[in-house]
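Let's take a walk through this protein together. Have the sequence and the 3D view open side by side, and follow along.

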Amino acid sequence: MRNDDNLFSLHGQTAMITGAGSGIGYSVARALAEAGADLVAASDRENLDDIREHAEKLGRTVHTAVFDVADAQQTQSVVSGFAEDVDILVNNAGIIRRAPAERFTDGDWQDVLEVNLSAAFRICRLIGPRMLRRGQGKIINIASLLAFQGGLNVASYAASKHGLAGLTKALANEWGEYNVQANAIAPGYIITDTTKDLQDDGMRSQQILDRIPAGRWGRADDIAGAAVFLASRASDYVNGHLLVVDGGWLSR
Ligand code: NAD
């Protein structure tokens with residue numbers, strides 16, 4: 001239950017974050033815990049000790065869940081166990097595969113669609129009903145600039161993130177009247193494992209930097225404030241929105 005006058009307080013709320021062990025997911029989970037939320041930190045790997053330790057030091061309750069979001073059965077059995085507790089859902093787990101479109105394999109197409117889009121939908125479908133019954137909930141999907149643009153050599157990623165934007169708006173339409181808001185964050189170029197290939201490509205990395213008005217690549221922590229906003233009652237009348245956090249890239 002919300003039990004605090006601070007507009008951005010998440011005390012008394014429980015947030016589930018997928019991909020919480022690294023990069024943007026870790027930063028978002030940490031910021032939500034700092035704002036007061038208890039956590040369900042999820043990952044496909046045993047990399048959740050740091051987030052657990054940090055949040056517990058703040059006095060938060062932390063549950064960890066290791067499962068593959070692309071596995072529908074595993075997701076059903078693990079997420080069902082937490083579904084009654086989650087007030088804030090952050091669908092952050094994501095992968096990328098790079099290849100020219102004409103050589104893109106079925107596997108690289110399907111794997112990315114499965115993790116970035118279908119899994120997010122399945123988790124919303126598992127967590128959403130309790131939010132609807134309770135008349136309160138926040139869904140935050142981590143999209144991308146490639147929910148607006150096509151990118152280079154990342155056809156399945158661009159399709160998945162455009163799809164995630166569509167899913168966000170569909171849920172906003174259907175669930176808004178129950179006081180459940182579905183929004184997305186579209187991060188720009190952030191220094192994490194997802195962009196390692198770009199960072200390692202000197203020329204491409206410089207081209208990207210040259211287009212960012214902020215004059216630097218983003219850091220995972222740059223996404224945290226937007227997540228706290230969209231998780232808090234400060235955003236109760238924001239619904240179906242894609243909040244771009246890109247140092248100005250899209251304005252260029
Ligand atoms: P990252 O590789 O650190 O994070 C991806 C996370 O997803 C990892 O923690 C990983 O454990 C988890 N994951 C991947 N496959 C999974 C699966 N099958 N089951 C469960 N968990 C799985 O990179 P990141 O950049 O922090 O990525 C987080 C999100 O941000 C992704 O959705 C990514 O598309 C998005 N994003 C990143 C950038 C960027 O520039 N880094 C830009 C836009 C959007």
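How much of the span 13-178 is helix, and how much is strand? This is a predicted model, and in it residues 13-178 are 48% helix and 15% strand. The C-alpha atoms at the two ends of that span lie 17 Å apart. Why pick those residues? In an unreviewed UniProt entry, residues 13-178 carry the feature "domain: Ketoreductase".

Now look for the ligand. You'll find it sitting in the largest pocket. Two elements each give two or more residues to the shell around the ligand: helix 1 (23-34) and helix 5 (155-175). Altogether, 28 residues surround the ligand, and the closest are Ser22, Asp44, Asp68, Tyr157 and Thr192. What's the mix of classes in that shell? It has 12 nonpolar, 11 polar and five charged residues.

Time to zoom in on some individual atoms. Start at Ser22, where an N or O atom of the side chain is 2.7 Å from a ligand oxygen. At Ile24, it's a backbone N or O atom that lies 2.8 Å from an oxygen atom of the ligand. Val69 also uses a backbone N or O atom, this one 2.9 Å from a ligand nitrogen. And how much of the ligand does the protein bury? Taken alone, the ligand exposes 810 Å², and the protein buries 94% of that.

Technical notes:
Residues numbered from 1 in each chain as written. Predicted model: local features only at pLDDT ≥ 70, side-chain atom pairs only at ≥ 80, totals over all residues. Heavy atoms only, no water. Near = heavy atom within 4 Å. Polar contact = N/O pair within 3.5 Å; in protein donor to acceptor, adjacent residues only side chain to side chain. Areas by Shrake-Rupley, 256 points an atom, 1.4 Å probe, with all protein chains shown as cover. 1 Å grid on protein atoms, 1.4 Å probe; cavity = no way out; pocket = protein on both sides within 12 Å on 5 of 7 lines; lining within 4 Å. Sits in = over half its atoms within 2 Å of the grid points. Helix = DSSP H or I, 4+ residues; strand = E, 2+ residues; numbered from the N terminus. Nonpolar A, V, L, I, M, F, W, Y, C, P; charged D, E, K, R; others polar. UniProt positions renumbered as here; feature names shortened; annotations may be inferred.
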